[in-house]
Amino acid sequence: MATRVLIVDDAAFMRMMIKDILSKNGFEIVGEAENGAKALEKWQELRPDLTTMDITMPEMDGITAVKEIKKLDPNATVIMCSAMGQQAMVIEAIQSGARDFIVKPFQPDRVLEAIRKAVG
């Protein structure tokens, strides 16, 4: 059965890039959200196997969203997506419960490696 993925990013273009990489490699995209608050709603509704989460978003940032998801399910698998130069935020995200992170602009091989390792 395909791994079910929720993609969270405020940029539609970034969501499309991740969706493209994952769907070509056998992952099932079950939902998308454009901010942390929507991500939390969608996560509760869909209970995906994996969530890709942008850090910097309006309404609720990705780190807060990860903390909230982890309160609901300590075993939830989340991979953070960040732009270059956000190392401090990446560390905070990992401490908040994220499994791994991928850096924008996305390298398809790195995205797949991180996701396979996380759901492995």
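A residue is called buried when its relative accessible area is under 20%, exposed when that area is over 50%, and partly exposed in between. These terms are used in the legends below, which describe close-up views of a predicted model.

**Figure 1. A salt bridge joins K19 and E32.** The closest N and O atoms of K19 and E32 are 2.5 Å apart. K19 belongs to helix α1 and E32 to strand β2 (residues 28–33), so the salt bridge ties together parts that are 13 residues apart in sequence. K19 has a relative accessible area of 31% and is therefore partly exposed. E32 is likewise classed as partly exposed, because its relative accessible area is 25%. By the rule applied here, the model holds 10 salt bridges.

**Figure 2. R15 lies in helix α1 and is in contact with several residues beyond its sequence neighbours.** Helix α1 spans residues 12–23 and includes R15. With a relative accessibility of 13%, R15 falls under the 20% limit and therefore counts as buried. When residues up to four places away in sequence are set aside, R15 touches I7, D9, D10, E32, A33 and E34. E32, one of these residues, is also the salt-bridge partner of K19.

**Figure 3. Helix α2 has buried residues along one face.** The buried residues in α2 are G36, A39, L40, W43 and L46. Viewed down the helix axis, these buried residues fall within an arc of 150°, so they line one face of α2. They pack against β1 (4–8), β2, β3 and α3. On the other side of α2, E41 and E45 are exposed.

**Figure 4. The start of α2 and the residue just after α2 are shown together.** At the start of the helix, a side-chain oxygen of N35 comes to within 3.0 Å of the backbone nitrogen of A37. Just after α2, R47 adopts a positive phi of about 45°. Most residues other than glycine have a negative phi. R47 is placed in the loop between α2 (36–46) and β3 (50–54). Its relative accessible area is 42%, so R47 is partly exposed.

**Figure 5. E59 has a positive phi although E59 is not glycine.** The phi of E59 is near 70°. This residue is located in the loop between β3 and α3 (62–72). E59 has a relative accessibility of 70%, which is over the 50% limit, and therefore counts as exposed.

**Figure 6. K67 and E92 form a salt bridge between two helices.** The side chains of K67 and E92 meet with an N to O distance of 3.8 Å. K67 lies in helix α3 and E92 in helix α4, and the pair links distant parts of the chain, 25 residues apart. K67 counts as partly exposed because its relative accessibility is 39%. E92, at 37% relative accessibility, also counts as partly exposed.

**Figure 7. I94 in helix α4 is in contact with R99, D100 and F101.** Helix α4 covers residues 87–95 and contains I94. The relative accessible area of I94 is 36%, so this residue is partly exposed. Neighbours within four places in sequence are left aside in listing the contacts with R99, D100 and F101. I94 is also 31 residues from I63 in sequence, and their C-alpha atoms are 8.9 Å apart in space.

**Figure 8. D100 and K117 form a salt bridge that is part of a network.** The closest N and O atoms of D100 and K117 are 3.5 Å apart. D100 is in strand β5 and K117 in helix α5, so this salt bridge ties together parts that are 17 residues apart in sequence. D100 is buried because its relative accessibility is 8%, whereas K117 is exposed at 58%. The network of salt bridges links D100, R110, E113 and K117.

**Figure 9. A cis peptide bond joins K104 and P105.** The omega angle of this bond is about -5°. Most peptide bonds are trans. P105 is placed in the loop between β5 (100–104) and α5 (108–119).

Methods
Residues numbered from 1 in each chain as written. Predicted model: local features only at pLDDT ≥ 70, side-chain atom pairs only at ≥ 80, totals over all residues. Heavy atoms only, no water. Helix = DSSP H or I, 4+ residues; strand = E, 2+ residues; numbered from the N terminus. Buried < 20%, exposed > 50% of the residue type's maximum accessible area, 1.4 Å probe, protein only. Contact = heavy atoms within 4.5 Å. Salt bridge = Lys/Arg side-chain N within 4 Å of Asp/Glu carboxyl O. Arc of directions from axis to C-beta. Polar contact = N/O pair within 3.5 Å; in protein donor to acceptor, adjacent residues only side chain to side chain.
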